[in-house]
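Open your viewer and get the selection tool ready. We will walk through this structure one stop at a time.

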Amino acid sequence: MSKTHLGHTARKRFGQNFLHDQYVIDQIVSAIAPNNDQTLVEIGPGLGALTEPVCELVDKLNVVELDRDLAKRLRSHPFIGSKLNIIEADALKYDFSQLIEQGKPIRVFGNLPYNISTPLMFHLFSFADKVQDMHFMLQKEVVNRLAATPGNKNYGRLSVMAQYHCQVIPVIHVPPGAFNPPPKVDSAVVRLVPHQEKPCPVTDEALLNQVCAAAFNQRRKTLRNSLKNEISEQEIVALDINPELRAENLSLADYTRLANFVHSKEAAS
């Protein structure tokens, strides 16, 4: 049975869980600390739990909302409707660089639906050089994966790619009761701060993603086997990486070395 909240029925296909705990909302808005010298973008404003308190602090807020009913409701909001630039679009396909304003850093935030959170972050990483920071409410398990270090069971492709683009800072733990309907899992807010300069630059980011995917898709296998289509055992050894290791044992620097080697090999062939 769907739950109605403020007259809106949470839609399962949009992964909607609405935030209503005022203490948690205040903590998140304090963590974002919005002001008028920034271009602020909220993804999936929903019923405005974060939108309203952010609008109390600023004159303008861009919101990206796919659900037509919610966009319409925000457009006619008596207090904040005039401050909103409502973009009815799929955030997964939206070109966020359209929102750049001269001399203002872009700051992105949102309570991301669990079913699109990973692909949406990958999409946003492609704009990372234009973004000052991002604050996202996610399933706690996703935040654990973003922040995980080598050797940890949560460490995977998302950890490597997120840490390649951003500094990952878990900010607030959020219990299920803060939402309506309450999800079955804990949530957390994470701050992602894009690196001004990449700690380990790669020549081709798509290749880094490809190498990570190959390694982690067969995480039980040693690198010798999981990466055999990309790089030979001898070449792995020559990069000073042990081919007996598994995907979760390698650091970001190891993955960038592998990706850069594969790139140079492809360029030479």
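In which kind of crossing, left-handed or right-handed, does H6 pass H7? Keep in mind as you look that this is a predicted model. Select both helices and you will find that the crossing of H6 and H7 is right-handed.

**Stop 1: the helix pair**

Helix H6 covers residues 157–165 and helix H7 covers residues 205–217. Their axes are 9 Å apart and meet at an angle of about 155 degrees. An angle over 145 degrees counts as roughly antiparallel, and H6 and H7 are therefore described that way. Now show the side chains at the contact. From H6, pick Arg157, Val160, Met161, Tyr164 and His165. From H7, pick Glu205, Leu208, Asn209, Cys212, Ala213 and Phe216.

**Stop 2: the sheet**

Next, switch to a cartoon view and colour the strands. An open sheet is built from 7 strands, in the order S6-S5-S4-S7-S8-S11-S9, with mixed pairing. Look to the two ends of that order: strand S6 (84–87) and strand S9 (166–174) are the edge strands. Each has a single partner strand, so one side of S6 and one side of S9 lack a neighbour in the sheet. On average, neighbouring strands here are turned by 20 degrees against each other, direction ignored.

**Stop 3: strand S7**

Select residues 106–111, which make up strand S7. How many of the 6 residues of S7 are buried? The count is 6 of the 6, so S7 is largely enclosed by the rest of the structure. In a regular strand, side chains alternate between the two faces of the sheet. Turn on the side chains to see how this strand is arranged: Ile106, Val108 and Gly110 point one way from S7, while Arg107, Phe109 and Asn111 point the other way.

Now add the neighbours. Strand S4 (residues 39–43) runs parallel to S7 and is joined to S7 by 5 bridges. Threonine 39 is opposite isoleucine 106, and valine 41 is opposite valine 108. S8 is also parallel to S7, with 6 bridges between them. Click valine 108 once more and look towards S8, where methionine 134 is its bridge partner.

**Stop 4: helix H4 over the sheet**

Bring helix H4 into view by selecting residues 117–125. H4 lies across S4, strand S8 (131–139), S9 and strand S11 (187–194). Relative to S8, H4 runs at about 175 degrees.

**Stop 5: the aromatic rings**

Finally, show the aromatic side chains. There are 5 aromatic pairs in the structure. One of them joins tyrosine 94 and phenylalanine 96, edge-to-face, with 5.1 Å from centre to centre and 90 degrees between the planes. Both residues are buried: tyrosine 94 has a relative accessible area of 11%, and phenylalanine 96 has a relative accessibility of 4%.

Another pair is formed by phenylalanine 122 and phenylalanine 125, whose ring centres are 5.9 Å apart and whose planes stand at 70 degrees, so this pair is edge-to-face. Both residues belong to H4, where they are 3 residues apart, about one turn of the helix. Phenylalanine 125 is buried, at 3% relative accessible area.

For a last selection, choose Tyr94, Phe96 and Phe127 together: ring pairs link these residues into a cluster.

Key
Residues are numbered from 1 along each chain as its sequence is written. This is a predicted model: local features need pLDDT of at least 70, side-chain atom pairs count only at pLDDT 80 or more; totals for chains, interfaces and linings use all residues. Side-chain values use heavy atoms; hydrogens and water are left out. Rings of Phe, Tyr and Trp (its six-membered ring) pair if their centres lie within 6.5 Å; planes under 30 degrees apart count as stacked, over 60 as edge-to-face and the rest as tilted. Buried means under 20% relative accessible area, exposed over 50%, partly exposed in between (1.4 Å probe, protein chains only). Helices (H or I, at least four residues) and strands (E, at least two) are DSSP runs, numbered from the N terminus. Two strands pair if DSSP finds at least two bridges between them. Axes are lines fitted to C-alpha atoms, for helices over the stretch in contact, and angles run from 0 to 180 degrees between N-to-C directions. Contact means heavy atoms within 4.5 Å. Angles under 35 degrees count as roughly parallel, over 145 as roughly antiparallel, 65 to 115 as roughly perpendicular and the rest as oblique. A crossing is left-handed if the near helix is turned anticlockwise from the far one by less than a right angle, and right-handed if clockwise.
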